[in-house]
Amino acid sequence: MEQTLHPTWDLDVIFPGGSDSKAFHTYLQSTQEEMKNLFNTVSYFSPKQRDGDEETLVLLIKQLEATMKKVREAFAFISCLSAQNLKDEKANLLVSRRHEIKAEMDTIQTTFEQKLVDIPDIVWDQLVKSEDLVDVAYVLEEFRNHAKEQLVRDQEVLINDLAIDGYHAWGQMYDVIIGNMSVDMVEDGETKSYSIGQATNKLTHPNRSYRKQVFQQLDKAWKNNASLFGQTLNHLAGFRLQTYKHRNWNEVLQEPLALNRMRKETLDAMWTAIKKYKHPFVEYLMNKAKLLGLNKLSIYDVGAPVNKVVKTSSFEEGADFIVEHFNQFSPQMADFAKMAFENRWIEAEDRPNKRPGGFCTSFPDSKQTRIFMTYSGTSSNIATLAHELGHAYHQHVMNDVNGLNQRYAMNVAETASTFAEMVVADASVKSARSIAEKKSLLEDKIQRSIAFFMNIHSRFIFERRFYEERKQELVPVKRLNDLMIEAQKEAYCDALSEYDPNFWASKLHFHITRVPFYNFPYTFGYLFSLGIYAKAQENEDSFEDAYISLLRDTGRMNVEDLAKKHLDTDLTKPEFWEAAIQLCVNDVDEYLSL
């Protein structure tokens, strides 16, 4: 990098003043005014009486696109404020306001979607083929089909309104509890206090006794709050299930599959292939246990390095590493990453009171993104940084796409991010300067496969079983712990000596309101990105343009059509998934041979 990098992001360039920002409050107020105008336009729209009313529909879509961009811009800023300081009370109040605005926007969209149903099929077929609408035809069809599966407008509006202080409030309560938690650890005879995010970063420490202390102290913190987290999880699920019941949705996967624009056959094919090829990864875990002098690994050993001397990199070194390897596959992606680092789009400082985990959020009105994580210099941190930059680049190449087509699903969003991770990881292995370094880098790659094929699988198994039991009654904490252990034992093929019964409480993804089953999209994205990566290796000269073309299509077709168009493959068949998994098995074979 040509300049000193700051590990904190710059939000003032978007709205100066943080949670006290006058500019942001003015923007938020004008956004809500635009929402009122949009609602009036939607209310005026009467396609039943006016034979589809193409002219009004075109104007309405333009207005919808502009308003949605402003809403997303405001929501992104609030997310950044609340994540950077969990004790910022004004930011927490803005989170509550965000839920209210989201409910209002959902009401507008519900009204619009249900009016689309009023258009006769023969008129509709002509409308979506018109020059002004053909570009957003897929999204409009999706809106219309979604409305057909919902309740009548007034009932859906009531659900949206009740969700503010019901559904979303439980998710917000989870964040509040996390913000008040801390973990005490003894280091060099001194007790030090860490936030949950800081402590979690220490679970990959090379010293097993220290790692065990971290795990036990975190476990203690989760146990102390388990009754509260049990309430949040049960009531989030209860709200969803009641909504599904009234809509006559019998399958709990109906909503997550629709949100990810994929068929159940695709999901089943993916998990079937993973189950079939788990043995090499179990062998890897057994081998790792021997190298660590253990009969079996504990759950807190899975992500630990075999090498006792763990290389750490400064933020600047991590940035240089990422940009260098991005450049080998996509100079445009490398230029984008360099710009993101230099313009301070990344919040990576290791400090208290930050939210755990990492994310990337988009500011579509400003055509910027922001990345959030806690960076402590490990190879895992560098992988996370590359992952989030992959998300950011995805949005970057879509900035000039119609706003309605920018709403790509989570599974393909995770494709761009895990592809970026893969580029960095594979390039690292190939450029290793010693056998020891190569083993360490291969191990890091395999750890990601373990995460996607076993850790994520355990989350999916747990959530399916939890929802089935929640249909009958509230699930007590002890049963949640049992379900979690059962899921982990199955997903890890009983290869571990100790599991994490409180994982259901510690994993934020179970408590997020906007996306149910926030798990399988990661594994889908990982394996789908491997298919893209294989194509990249075959066609290095033409890859960059083809990759950008694929990313730009992610918001206007389902994943099966996307794969057919750009990879010429059928995702509902096991062959694609097995071929992708085989690339990961090759890493294990090479590692074990070393």
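How many bridges join β4 to β6, and do they run parallel or antiparallel? Two bridges join them, and the strands run parallel. That is a handy way into this model, which is a predicted one.

**The small sheet**

β4 and β6 belong to an open sheet of three strands, in the order β4-β6-β5, and its pairing is mixed. β4 and β5 (359-363) sit at the edges with a single partner strand each, so one side of each has no neighbour in the sheet. As background, strands of a sheet pair through backbone hydrogen bonds, either parallel or antiparallel. On the other side of β6 (residues 368-372), the pairing with β5 is antiparallel and runs over five bridges. β5 and β6 also make a hairpin, with four residues between them. In that turn, Lys367 has a positive phi of about 60°.

Here are some of the residue pairs that tie β6 to the strands beside it:

| Residue | Partner in β6 |
|---|---|
| Glu347 | Phe372 |
| Thr361 | Arg370 |
| Ser362 | Thr369 |

How much of this sheet is covered? β5 is mostly covered, with four of its five residues buried. For β6 the count is five of five, so the strand is largely enclosed by the rest of the structure. Both of its faces are covered: Gln368, Arg370 and Phe372 are buried on one side, and Thr369 and Ile371 on the other.

**A helix that meets β4**

Now for helix α14 (residues 315-329). Its 15 residues reach 22 Å from the first C-alpha to the last, which is close to the 21 Å expected at 1.5 Å a residue. Which of its residues are buried? They are Phe315, Gly318, Ala319, Ile322, Val323, His325, Phe326 and Phe329. An α-helix has 3.6 residues a turn, so residues three or four places apart point the same way. The buried residues of α14 pack against quite a list of elements, and β4 (346-347) from the sheet is one of them. The others are the helices α15 (331-342), α16 (379-397), α17 (410-430), α21 (520-538) and α22 (543-553).

**One cavity**

α17 turns up again at the cavity. The structure holds one cavity of 30 Å³ or more, and the largest cavity has a volume of about 30 Å³. Its lining is made up of Asn260, Arg261, Ala409, Asn411, Val412, Thr554, Met557, Asn558, Val559 and Leu562. By class, that comes to five nonpolar, four polar and one charged residues. Both α17 and α23 (559-567) supply at least two residues each to this lining.

**Phe576 in α24**

One last stop is Phe576, which lies in helix α24 (residues 574-593). Is Phe576 buried or exposed? Its relative accessibility is 10%, and buried means under 20%, so Phe576 counts as buried. What does it touch, once neighbours within four places in sequence are set aside? Phe576 is in contact with Leu527, Phe528, Gly531, Leu567, Thr569, Asp570 and Leu571. Gly18 is a different story: Phe576 and Gly18 are 558 residues apart in sequence and 47 Å apart in space, C-alpha to C-alpha.

Technical notes: Residues numbered from 1 in each chain as written. Predicted model: local features only at pLDDT ≥ 70, side-chain atom pairs only at ≥ 80, totals over all residues. Heavy atoms only, no water. Expected span 1.5 Å × (residues − 1). Buried < 20%, exposed > 50% of the residue type's maximum accessible area, 1.4 Å probe, protein only. Contact = heavy atoms within 4.5 Å. 1 Å grid on protein atoms, 1.4 Å probe; cavity = no way out; pocket = protein on both sides within 12 Å on 5 of 7 lines; lining within 4 Å. Points joined across faces, edges and corners; volume = space filled by probe spheres on them. Nonpolar A, V, L, I, M, F, W, Y, C, P; charged D, E, K, R; others polar. Pairing = 2+ DSSP bridges.
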